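The following paragraphs go through a protein model, beginning with its strands and ending with its helix contacts. Please keep the structure open while reading.

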Amino acid sequence: MFKAPRKAIGLFMVMVLVALALVACGDSTATSGAATGTTAAAPATTAAVATTTAPVATTAAPAATTVTTATTAAIANTTTAATSATTAANATTAATTASGAAKVPACDKAATSASSGKTYTIGIAVQNTIPALQNAIDGTKKGLEQCGFIEGKNVKYDIGNALGDIPALATIGRKFGDEKVDVIVAVGSQALSNMYTTNKDNNIPIIFNSVTSPMTVLPDLIKSQTEHSFVTGVQTFPPVEDGLKLILQISPKAKNIGIIYNPTEANAVVQVKEAQNVAAKLGLTIVTQTIQNSGEVLTAANQLSDKVDVFLAVTDVTVVNALESVVKVATDTKKPLYGLDPTSAPRGVVASVGFDYYDNGVTSARMVSAVLDGKKSNDIKIEIQPKGPLAINLKAAEQMGVKIPDEVISQATAKFTDITAPKK
């Protein structure tokens, strides 16, 4: 008489087990979906920044249109967005590895103004999206977070990216002035020049980072580290001598060093002059080729290739934006490419010594925080960023026909075994 109930109970237990199994599968799928959503969050932020910037850089219509199309595609196609997210994350990881991590926090405690109840607006101007400058922006925002300024809570950022179109920087500067932002952060020499020109009468403090020689950019205003009016920040003059000596360590027979640069970029002109002075002491010759835009870099590299033994990439934004063109020529002609920006190593530079631009951004954030706390930018001393990491790319060395000595490899902070172009 108990057979039927037993069968019913048995059937019920089987159903329970099956249900539990299905729930477990559902949890796994949900977790996977959450992870995917987290991964996609970063590009969504990037897209939002780019979309905000696009209307500002009105003269850079083709680039802005590309950004808008990419954003639309991301909304329309979740799979494509997730793939782009992974690619962007990998590129960012590579750049951050070469740059390193901030060694000194911007603040050891929250700034007083962070709890004032006010939401501050900080305008950040940048010439173009290259890894070093993006690292500086990320470092600035992270440093301010350490000082108690949380994006979306008590600070908002207006990112003005000229997308390589220099005149657009003036448009960005005027926009910041019209909006009366609390502080302007100028990332790079061209940004500094334009932010000052468009805001010199607006009484808005300007903090710069990633600037090779602020005294060259604004010679009438910035006289020294302590005499600089309302413009202050962190100087990054690349270790040119170290870069040339590094070339001789890896390519000891090199005599003629090729440099491509944009003469309208003050930072590049200063570095070329320094390279010429140092080269004379080392028995080397600097052979230059000038360009006006990134589209001319490939032709310039080809023109130089028969005249030089190696290439050296200075921190010229116009050239760095088209670095893959120089990598191609260096690979085809077996004329190794060296650099003064460690974030260029994953892109195909054999060896590069320079600065940690993320750390540079963090240091400038401390100055921004001090200004928001009421300190006058006139009273904040311009700092000089200490030399950062050495990064090498073993794959690039192999393709360009050189062997990196063991002593150089052992000194490298970051080592790459593949060549990866950053996502534009």
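Which residue in S10 is the bridge partner of Gly 339? The partner is Ser 352. Helices (H or I, at least four residues) and strands (E, at least two) are DSSP runs here, numbered from the N terminus.

This is a predicted model, in which local features need pLDDT of at least 70 and side-chain atom pairs count only at pLDDT 80 or more, while totals for chains, interfaces and linings use all residues. Residues are numbered from 1 along each chain as its sequence is written, and side-chain values use heavy atoms, with hydrogens and water left out.

The predictor's confidence in each residue is the pLDDT, from 0 to 100. Its average over the protein chain is 82, and 75% of the residues score at least 70. Residues 1-9 stay under 50 in pLDDT and have 0 contacts (heavy atoms within 4.5 Å) beyond four places in sequence. The pLDDT is also below 50 over residues 16-97, a stretch with 41 contacts in the model beyond near neighbours in sequence.

The bridge named at the start belongs to strands S9 (residues 337-339) and S10 (residues 351-353), which pair in the parallel sense over 2 bridges. Two strands count as paired if DSSP finds at least two bridges between them. S9 and S10 sit in an open sheet of 7 strands with mixed pairing, ordered S7-S6-S8-S9-S10-S12-S13. Its edges are formed by strand S7 (285-290) and strand S13 (414-416), each of which pairs on one side only. With direction ignored, neighbouring strands of this sheet are turned by 20° against each other on average. Helix H10 packs on the sheet and touches strand S6 (256-261), S7 and strand S8 (310-313), its direction making about 165° with that of S6. Such angles run from 0 to 180 degrees between N-to-C directions, and axes are lines fitted to C-alpha atoms, for helices over the stretch in contact.

H10 (residues 297-305) also packs against helix H12 (residues 323-333), at an angle of about 30° and with the axes 8 Å apart. This angle makes H10 roughly parallel to H12; angles under 35 degrees count as roughly parallel, over 145 as roughly antiparallel, 65 to 115 as roughly perpendicular and the rest as oblique. Val 297, Leu 298, Ala 301, Asn 302 and Ser 305 of H10 meet Ser 325, Val 326, Val 329 and Thr 333 of H12.

The other sheet described here is open, has 6 strands with parallel pairing, and follows the order S2-S1-S3-S4-S5-S11. Strand S2 (155-161) and strand S11 (383-384) are at its edges with a single partner strand each, so one side of each has no neighbour in the sheet. S11 is joined to strand S5 (residues 231-235) by 2 bridges, the two running parallel. Gln 235 has Ile 384 in S11 as its bridge partner.

Two helices lie on this sheet. Helix H13 (residues 357-372) touches S1, S3, S4, S5 and S11, and its direction makes about 170° with that of S4. Helix H4 (residues 131-146) lies across strand S1 (120-126), S2, strand S3 (183-187) and strand S4 (206-211), at about 165° to S1. H4 and H13 pack at about 40° with axes 6 Å apart, which makes H4 oblique to H13.
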